[in-house]
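Q: Please take a close look at one sheet in this protein, and at what packs on it. Set it in the context of the whole fold.

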Amino acid sequence: MTVGTPQVVIVGAGFGGLTAAQSLARAPVDVTIIDRHNFHYFQPLLYQVATAALSPADIAWPIRSIARRQKNATVLMADVTGIDVGARLVHAGSVTVPYDFLVLATGATHSYFGHPEWAAAAPGLKQIEDATRIRRKILLAFEKAELTGDPDEQRRLLTFVVVGGGPTGVEMAGAIAEVAHHALSAEFRHIDPRAARIVLVEAGPRLLPTFPENLSAYAQRSLEGMGVEVMTSTRVTNCDDRGVDLDGMRIGAGTIVWAAGVVASPAGAWLDAERDRAGRVKVGPDLSVPDHPEIFVIGDTAAVMDETGRLVPGIAPAAKQMGRHVADVIAARVSGRVPPSPFRYRHQGDLATIGRKAAVVKLAHVHLKGFIGWLFWGFAHIYFLIGLRNRAVVAFSWLWSYLTYQRGARLIVGGSEAEEAAPTEKAQPQSSSIEVSREPGRSQVASSGADWR
């Protein structure tokens with residue numbers, strides 16, 4: 001930190017925050033990046049971590065490594081708890097960081113539409129920790145089903161419900177189907193993973209509402225061809241650890257994944273700024289907070305309108321464009337140059353993969369689907385990964401999975417596997433018993449009170 005040099009503090013090292021920091025590399029400022037984690041991760045591929053196609057290290061990179069060559073950048077691993085707007089201070093645990101310019105790129109979390117109690121039963125997918133937790137739940141569901149002697153409990157454990165028909169929900173449902181129908185199909189002796197039931201629930205009339213109707217219809221047909229039950233125009237009314245309640249019906253499920261909505265981080269509350277219904281801060285044309293030209297909010301935390309009056313989507317390209325724009329504004333101000341024109345979002349397209357050899361892509365004047373769309377989706381995601389090592393590992397992992405149908409990151413970690421894998425007392429009636437033969441080369445089950453098929 002140089003005395004007299006303008007201090008730029010960036011909270012959040014996601015796509016927007018990192019882009020802003022890197023774009024200020026040659027500006028006459030000191031940059032401090034604050035994040036609660038020591039790594040940046042590629043959020044669009046979290047679902048592949050959750051379904052054991054990739055490991056967390058394949059889609060993440062240490063922030064310090066990314067910023068190591070940027071001489072004017074300092075990285076702090078800390079959890080921001082508040083901002084003193086008047087004194088221009090960021091409070092991050094025991095550390096207080098002064099700023100001349102502040103960029104908030106703190107992202108979003110899951111929205112349960114007024115039912116936060118559903119979170120325990122239906123985890124969402126926004127962080128690495130979410131992905132590993134969901135992976136654990138999915139894999140443990142098969143392990144528990146292998147142990148239980150109750151056919152009804154088997155069916156419940158092998159039912160997977162994904163709530164939300166946007167890109168994340170579509171990708172999760174397709175990936176779970178591939179895990180059950182291919183990766184695990186020959187590895188269990190007392191259950192058939194191919195009998196797993198995967199249900200995708202969407203409150204709206206169709207999947208992928210931001211895509212053209214023909215691509216939305218293709219996505220639904222592809223999922224149904226993979227064995228996924230698609231339920232549109234269906235609302236979730238309750239979630240618990242035994243299943244979900246829908247409009248007029250109940251589905252018992254061992255795993256529920258929430259992909260239905262997001263709410264912004266508490267950054268707006270820190271600033272006491274005007275927010276929309278999802279908690280996003282309403283910003284001005286240069287992405288600064290009204291009455292506070294030194295504070296900028298970008299990415300999922302900001303409510304930004306495009307030229308048509310529609311909300312800019314919370315996707316990586318939008319966050320990166322905002323990060324570059326804010327960096328240009330700050331650099332112009334400290335250098336005494338004319339600031340750039342108001343932020344203008346340039347939509348580069350929408351992509352969603354459905355499964356093996358199937359994806360949908362909407363570009364400005366081109367629509368792709370099927371194998372060609374899947375190839376485009378794969379190359380685009382590899383291109384945007386940080387680091388040559390990550391690109392190479394992900395590309396090889398995808399090629400291996402394509403050729404072998406296998407998923408190499410199927411580790412159940414965290415908690416007590418022995419306790420969680422055992423069926424509950426409710427799930428395993430007293431009348432059922434399991435005996436595994438210890439004769440070499442044999443695996444037999446003697447079952448009392450249960451029908452093993």
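A: The predicted model has 12 helices and 27 strands. Of its 453 residues, 51% are buried. Contacts reach far along the chain: among those between residues at least 6 apart in sequence, 63% join residues at least 24 apart.

Now the sheet. It is open and built from 6 strands. Their order is β5-β2-β1-β9-β21-β20, with mixed pairing. The edges belong to β5 (73-77) and β20 (288-289), each of which pairs on one side only.

Start at the β5 edge. Its partner there is β2, residues 30-35. The two strands run in the parallel sense, and 5 bridges link them. Within this pair, Asp35 stands opposite Met77 of β5.

Move on to the helix that covers part of the sheet. Helix α9, residues 316-335, lies across three strands: β1 (7-11), β9 (101-104) and β21 (292-297). In the sheet order these sit as β1-β9-β21. The helix runs at about 155 degrees to β21.

Last, the outer surface. The protein exposes about 21,200 Å², and carbon and sulfur atoms supply 54% of that area. One nonpolar patch covers about 400 Å². Phe371, Ile372, Leu375 and Phe379 make it. Ile372 belongs to helix α10, which spans residues 370-384. Ile372 counts as exposed because its relative accessibility is 52%, and the cut-off for exposed is over 50%.

How values were computed:
Residues are numbered from 1 along each chain as its sequence is written. This is a predicted model: local features need pLDDT of at least 70, side-chain atom pairs count only at pLDDT 80 or more; totals for chains, interfaces and linings use all residues. Side-chain values use heavy atoms; hydrogens and water are left out. Helices (H or I, at least four residues) and strands (E, at least two) are DSSP runs, numbered from the N terminus. Buried means under 20% relative accessible area, exposed over 50%, partly exposed in between (1.4 Å probe, protein chains only). Contact means heavy atoms within 4.5 Å. Accessible areas come from the Shrake-Rupley method with a 1.4 Å probe; for residues, only the protein chains shown count as cover. Two strands pair if DSSP finds at least two bridges between them. Axes are lines fitted to C-alpha atoms, for helices over the stretch in contact, and angles run from 0 to 180 degrees between N-to-C directions. Patches are made of residues with over 30% relative accessible area and no salt bridge: like charges are joined within 9 Å, nonpolar side chains (Val, Leu, Ile, Met, Phe, Trp, Tyr) within 5 Å. A salt bridge is a side-chain nitrogen of Lys or Arg within 4 Å of a carboxyl oxygen of Asp or Glu.
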